[in-house]
Amino acid sequence: MQPRLHYCDHYGIALPEGHKFPMEKYRMVRDQLAVSGRFRFECAPFATQQQLLRVHDRDYVHHFLQGSLSAQAIRRIGFPWSPALVQRTLASVGGAVAAAEDAFTQGFGGNLAGGTHHAFVSEGSGFCVFNDIAVAIEHLKATRGLRRVAVVDLDVHQGDGTASIYEDDPGVLTFSMHGAHNFPFRKQRSKLDVPLPNGTEDDAFLDALYTSMPQVLAFEPELIFFQAGVDGLREDKLGKLALTPQGLQQRNHFVLQTCRRLAIPVVICMGGGYSLPIHHSVQAHAQVFLDAAAVFQERIATMRNGTVGTL
Ligand SMILES: [Zn+2]
């Protein structure tokens, strides 16, 4: 049986000429993964209002869905509002919720979108409308009674929205490793922050990860959210770090094998990737899902006819 991944790239949104967000990458990642023949692809369900409201402010959700946010709030998000943006956003968050459920059967769950870690309770920012990680975590708390969840955010930008949402929640450990001199310039306080200097290369990055992870594991998380942004690549136009594809793959293996070894379900969301040309990011985004399929191969092989054990 093949593990499933959730996608929402078919909800296209039109961006103005010259917009710096590489919307096309999501479809390219799915196409690349399809070639491997290792996955099933499912159209992500829409997140429900009930799911969104466990995290987000009622007025903010309402105004976004209705298209009545202020011009300033829309500018902060960075995408022009449209009904198509609403559909895509709801599917991106719904994909995270569905992937979180998959983690309990497949060992890992994958959303071919999301990682929208700059979204706060009552405002969006930096191409993030709603915080898919927090919405999925609150869904799991409400439906499965999870008490301890860790967020391992290895995108090059700090997970400021996630940090803010969980600043006073002892049930969620937020860990963010990010460029010290990159967006967001006003950082929030994660439970564990590891700022990195510009130009950081693989060895220093991996050392910092290996040193930090024991603190995450000491929390004894029942599930880990892996924000697997690839904007730390040397070729990234926004990243300012100097990681290689091999370095990112070592990062992936370390996080995923740790989860596998300790039987901690892991949810993977894509996060940022803005390389020039974009195929460097696409390749690296696809790789994390291929790495997960390899690491969890044995577990997936035991899945029969949809009847599977739980971790
Ligand atoms: Zn990023």
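## F127 and K240: positive phi outside glycine

F127 is found in the loop between strand 3 and helix 6. In this predicted model, the phi angle of F127 is near 70°, a positive value in a residue other than glycine. F127 has 16 C-beta neighbours inside 10 Å, so F127 counts as partly exposed.

K240 also has a positive phi, near 70°, and is likewise a residue other than glycine. K240 lies in the loop between strand 7 (223-227) and helix 9. Is K240 buried or exposed? K240 is buried, because 20 other C-beta atoms lie within 10 Å and the cut-off for a buried residue is 20 or more.

## A113, in the loop that holds F127

A113 has its place in the loop between strand 3 (108-111) and helix 6 (132-144), where F127 is found too. A113 has 28 C-beta neighbours inside 10 Å and therefore counts as buried.

Which residues does A113 touch, leaving aside those up to four places away in sequence? They are Y7, C8, Y26, S92, G95 and M270. One of these, Y26, falls within helix 1 (residues 25-36), while S92 and G95 fall within helix 5 (residues 83-106). A44 is 69 residues from A113 along the chain, and the C-alpha atoms of the two are separated by 9.7 Å.

## Helix 5

Helix 5 covers residues 83-106, which is 24 residues. At 1.5 Å a residue, helix 5 should span 34 Å; the C-alpha atoms at its ends are 33 Å apart, so the two values agree.

Of the 24 residues of helix 5, 18 are buried, so the helix is largely enclosed by the rest of the structure. After helix 5 comes G107, with a positive phi near 90°.

## Helix 8 and helix 9

Helix 8 (residues 202-218) packs with helix 9 (residues 245-262) at an angle of about 15°, and their axes are 10 Å apart. Helix 8 and helix 9 are therefore roughly parallel to each other, since angles under 35 degrees count as roughly parallel. Their crossing is right-handed.

Which residues of helix 8 meet helix 9? They are D202, F205, L206, L209, M213 and L217. On the helix 9 side, the residues are Q246, G247, Q250, R251, F254, T258 and L262. Many steps in such lists are three or four places, and there is a general reason to keep in mind. An α-helix has 3.6 residues a turn, so residues three or four places apart point the same way.

## Helix 1 and helix 10

The axes of helix 1 (residues 25-36) and helix 10 (residues 279-295) come within 9 Å and cross at roughly 50°. That angle makes helix 1 oblique to helix 10. Helix 1 passes helix 10 in a right-handed crossing.

In helix 1, the residues that take part are K25, M28, V29, Q32, L33 and S36. They meet S281, V282, H285, A286, F289 and L290 in helix 10.

## Two cis peptide bonds

Which peptide bond is cis, with omega about -5°? It is the bond that joins F183 and P184. P184 is found in the loop between strand 5 and strand 6 (192-196).

The peptide bond from L276 to P277 is cis as well, with omega near -10°. P277 lies in the loop between strand 8 (266-269) and helix 10.

## G171, before strand 5

G171 has its place in the loop between helix 7 (160-165) and strand 5 (172-179). G171 has 14 C-beta neighbours inside 10 Å, so G171 counts as partly exposed.

Not counting residues up to four places away in sequence, G171 touches R147, R148 and V149. A150 is 21 residues from G171 in sequence, and the two are 8.4 Å apart in space, C-alpha to C-alpha.

## The protein as a whole

The protein has 11 helices and 8 strands. Its radius of gyration is 18 Å, close to the 19 Å that the globule rule gives for 311 residues, so the protein is as compact as a globular protein of that length. Along the principal axes, the C-alpha atoms fill a box of roughly 50 × 45 × 40 Å.

Buried residues make up 50% of the 311 residues. Among contacts with a separation of 6 or more, 74% are between residues 24 or more positions apart.

Definitions and conventions
Residues numbered from 1 in each chain as written. Predicted model: local features only at pLDDT ≥ 70, side-chain atom pairs only at ≥ 80, totals over all residues. Helix = DSSP H or I, 4+ residues; strand = E, 2+ residues; numbered from the N terminus. Rg over C-alpha atoms; globule rule 2.2 N^0.38 Å. Buried ≥ 20, exposed ≤ 12 C-beta atoms within 10 Å, placed from the backbone. Contact = placed C-beta atoms within 7 Å. Expected span 1.5 Å × (residues − 1). Axes fitted to C-alpha atoms, helices over the stretch in contact; angles between N-to-C directions. Parallel < 35°, antiparallel > 145°, perpendicular 65-115°, else oblique. Left-handed = near helix turned anticlockwise from the far one by under 90°.
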